[in-house]
Amino acid sequence: MAITPLMPVYPRSPVRPVRGEGVYLYGENGEKYLDFASGIAVNLLGHGHPVLTKAIQDQAATLIHVSNLYGSPQGEAYAKRLTELTFADTVFFTNSGAEAVEGAIKTARRYHHHHGRPEKNVLITFSNAFHGRTLGTISATDQAKLRDGFAPLLPGFTVVPFDDLEAARAAMTEHTAGFLVEPIQGEGGIRPASQEFMSGLRQLADENDLMLVLDEVQCGVARTGKLYAHEHYGIEPDILASAKGIGGGFPMGAVLATEKAAAGMAIGTHGSTYGGNPLACAAGQAVLDVVADDEFLERVSRMGERLRGALEQMIPNHDHLFDSVRGIGLMLGVRMETDSRAFVTYLRDHGLLTVAAGDNVMRILPPLVIDETHVAEFVEKLSAAARSYELPQQAA
Ligand code: PLP
């Protein structure tokens, strides 16, 4: 048999972590990696954080799972806290980002259905978006590599260029239900939307009674120095999908919505066996205990500026390799002049974990608990790698 027991859908690298401690991962044979990838923007608190570990241990010993058919003191408390901290009035818990986006899409469609406008069922989405791997979420993007071979996809999405307000306006029809957008595209290459675009979408939604749905699966939960990235733009969504960092590594997600937007989500319209079970809520609460704090958020911004500054200083020394830095807080990307995937592989072989993204970008997504010493270590190792990477390039 040629197929591997793990379905071979990932190009798995030789990094085989078996233990994590703070911002470091350790491989099977004791190899040490500085983890500036965080499981792709997941391990906000690094590895083995005592607050998260203890919350999960205590809850696991008390009650792991009960059905959503029963009352949920844990879910109620956690949802209440999220509504107090955000624009939202109500929360639905999921187990992943794609499920959160699916729930957000369903909430938006159901809003119009509830108001007697079932024909308003098309979301305008944006080029190079990544919303997940379910049939609904791959239908919401124009990326062929995600969609190929999975036809028939779902109708109900119109894709227009990212950050192009006029294109979004021009795509509106009597079938438009709203807009679905990442305020900062992650997989697409750490591309923050412009202020004009985000304010413009909010205005279009307000003027036409449409839903502004934000996918903050990657950019949300303190990664940019705000609890949610839309706060940088001074706008609020109607519906938001959150996941990745929300559980600090525990698989979970959430659909956040205003009371108005959730008008159609009545009893029986949606569900999940595991979503928001006591163990997941304990993990989510522990993450909030650490990150929903002005000082913590301020520190994320400070570390982000420091890292960005150091990267910007480094670029002129290796300008045949690096082009520019972009992103907000600790969601940073370096646009490369050479193949970013090959360089990320080279870094990995030198003990440094980053992640490649679209548009030839190297993503830098460290745990949010890094300090100056980790920034210095990262930049030092990156510079050394950039210097040694030049040699074969020049020799060639
Ligand atoms: N949305 C965005 C913006 C993402 O970055 C991702 C994952 O990378 C997803 C949705 C899907 O999340 P998940 O892999 O947890 O389903």
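Strands are DSSP runs of E with at least two residues, numbered from the N terminus. The legends below refer to a predicted model.

**View 1. A nonpolar surface patch formed by M7, V9 and Y10.** Together, these three residues have about 400 Å² of accessible area. V9 belongs to the segment that precedes strand β1, which covers residues 17-21. With a relative accessibility of 60%, V9 is classed as exposed, because the cut-off for that class is over 50%.

**View 2. Helix α4, spanning residues 97-114.** The helix contains 18 residues, and the distance from its first C-alpha to its last is 25 Å, close to the 26 Å expected at 1.5 Å a residue. Its buried residues are G97, A98, A100, V101, G103, A104, I105, T107, A108, Y111 and H112. An α-helix has 3.6 residues a turn, so residues three or four places apart point the same way. After α4 comes G116, which has a positive phi near 75 degrees.

**View 3. Surroundings of the ligand.** The ligand is surrounded by S96, G97, A98, F130, H131, G132, E182, E187, D215, V217, Q218 and K244. Among these residues, G97 and A98 are also listed as buried residues of α4.

**View 4. Polar contacts of the ligand with G97, E187 and D215.** A backbone N or O atom of G97 lies 2.8 Å from a ligand oxygen atom. The side chain of E187 places an N or O atom 3.4 Å from an oxygen atom of the ligand. For D215, a side-chain N or O atom is 2.7 Å from a nitrogen atom of the ligand. The ligand taken alone exposes 390 Å², of which the protein buries 82%.

Conventions: Residues numbered from 1 in each chain as written. Predicted model: local features only at pLDDT ≥ 70, side-chain atom pairs only at ≥ 80, totals over all residues. Heavy atoms only, no water. Patch = residues over 30% accessible without salt bridge, like charges linked within 9 Å, V, L, I, M, F, W, Y side chains within 5 Å. Areas by Shrake-Rupley, 256 points an atom, 1.4 Å probe, with all protein chains shown as cover. Salt bridge = Lys/Arg side-chain N within 4 Å of Asp/Glu carboxyl O. Helix = DSSP H or I, 4+ residues; strand = E, 2+ residues; numbered from the N terminus. Buried < 20%, exposed > 50% of the residue type's maximum accessible area, 1.4 Å probe, protein only. Expected span 1.5 Å × (residues − 1). Near = heavy atom within 4 Å. Polar contact = N/O pair within 3.5 Å; in protein donor to acceptor, adjacent residues only side chain to side chain.
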